[in-house]
Amino acid sequence: RAIDPGGTQGQLRTQLRVVHESNRMVADKTVGHVVPADVIYDQQTSSMLQTAVLSRELDLLIQQMDDGTEDGKLRSRLCKLIFLISKLPTDGAAATGLHATAETLADLMVEDLQAGSGKLRQQIPTLLEGLVNKGTLLRIEDEYRLQTAESADWEADYRKRLAAIRADETRIASERESE
């Protein structure tokens with residue numbers, strides 16, 4: 001620490017460990033297999049929890065997406081990637097320009113380059129819409145974000161008020177007449 005106050009050696013060790021573990025995942029596979037981006041989440045979960053970059057409740061939510069089915073595993077992987085993308089800089093010189101859209105998520109989840117992402121591109125939009133309807137994700141234009149506890153409360157209140165307004169025919173008629 002005395003000669004590395006910025007912690008760059010620790011960062012380098014972490015990066016090397018991530019690369020090494022990732023390479024071990026695909027070492028026995030044929031050429032054309034790659035490491036999907038959500039592997040970073042799995043490898044960094046404990047350190048993100050320790051540094052409070054990731055809350056325990058959000059990690060638990062992401063883990064619970066995987067119910068043992070293929071769709072459950074895919075939902076969990078989607079949430080992991082959406083979380084990681086949300087932590088990337090969005091402005092300034094360090095901005096990546098990467099957004100959690102269905103197409104981007106499919107590209108980042110490819111494991112076999114020869115097979116491509118066609119199957120993922122068919123499955124992902126349906127799963128994302130299901131997560132939006134369930135209240136796990138927010139959709140802002142074509143980008144997806146994980147719901148925080150605060151935004152989930154706001155969304156629930158909004159839906160409740162919207163339903164009350166839609167059910168109030170007198171108010172709707174009054175609003176129409178005033179325009």
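Author: Asp, Glu, Lys and Arg count as charged, while Ala, Val, Leu, Ile, Met, Phe, Trp, Tyr, Cys and Pro count as nonpolar and the others as polar. With those classes in hand, the lining of the second largest pocket in this predicted model divides into five nonpolar, two polar and six charged residues.

Reader: Which residues lie nearest the centre of the second largest pocket?

Author: Of its 13 lining residues, Arg-77, Met-109, Glu-111, Leu-120 and Gln-123 lie nearest the centre. Arg and Glu count as charged, Met and Leu as nonpolar, and Gln is therefore polar. About 270 Å³ of space lies in this pocket. Helices H4 and H6 each give two or more residues to the lining, and H4 gives the most, with four.

Reader: What makes up the lining of the largest pocket, by class?

Author: That lining has nine nonpolar, six polar and four charged residues. The pocket's volume is about 370 Å³. Among its 19 lining residues, Leu-58, Leu-146, Gln-147, Thr-148 and Ala-149 are the closest to the centre. Two or more residues come from each of H3, H4, S2 and helix H7 (149-167).

Reader: Happy with the pockets. Why does Thr-101 count as buried?

Author: The cut-off for buried is under 20% relative accessible area. Thr-101 has 9% relative accessibility, so Thr-101 counts as buried. Thr-101 sits in the loop between helix H4 (70-86) and helix H5 (102-109).

Reader: How do you know that a polar contact joins the side chains of Thr-101 and Thr-104?

Author: The limit for such a pair of N or O atoms is 3.5 Å. The side chains of Thr-101 and Thr-104 are joined at 2.9 Å, so the pair falls within the limit. Beyond its neighbours within four places in sequence, Thr-101 is also in contact with Asp-142 and Glu-143.

Reader: And the largest nonpolar core: which residues touch the most other members?

Author: Those are Ile-82, Phe-83, Leu-105, Ile-124, Leu-128, Leu-137 and Leu-146, out of 31 residues. Helix H2 (39-50), helix H3 (56-65), H4, H5, helix H6 (118-134) and strand S2 (143-146) each supply at least two residues of this core. H4 has the largest share, eight residues.

Reader: What is Phe-83 in contact with, leaving aside its neighbours within four places in sequence?

Author: Phe-83 is in contact with Tyr-41, Met-48, Val-53, Leu-54, Leu-58, Ile-62 and Leu-146. The word contact applies to each of these because heavy atoms lie within 4.5 Å. Two of these partners, Leu-58 and Leu-146, reappear among the residues closest to the centre of the largest pocket.

Definitions and conventions
Residues are numbered from 1 along each chain as its sequence is written. This is a predicted model: local features need pLDDT of at least 70, side-chain atom pairs count only at pLDDT 80 or more; totals for chains, interfaces and linings use all residues. Side-chain values use heavy atoms; hydrogens and water are left out. Buried means under 20% relative accessible area, exposed over 50%, partly exposed in between (1.4 Å probe, protein chains only). A polar contact is a pair of N or O atoms within 3.5 Å; within protein, one must be able to donate a hydrogen and the other to accept it, and residues adjacent in sequence count only if both atoms are side-chain atoms. A nonpolar core is a set of buried Ala, Val, Leu, Ile, Met, Phe, Trp, Tyr and Cys residues joined through side-chain atoms within 4.5 Å. On a 1 Å grid over the protein atoms alone, a cavity is a set of points where a 1.4 Å probe fits but cannot get out, and a pocket is an open set with protein on both sides within 12 Å along at least five of seven lines; lining residues have an atom within 4 Å of a point. Grid points are joined across faces, edges and corners, and a volume is the space filled by probe spheres set on the points.
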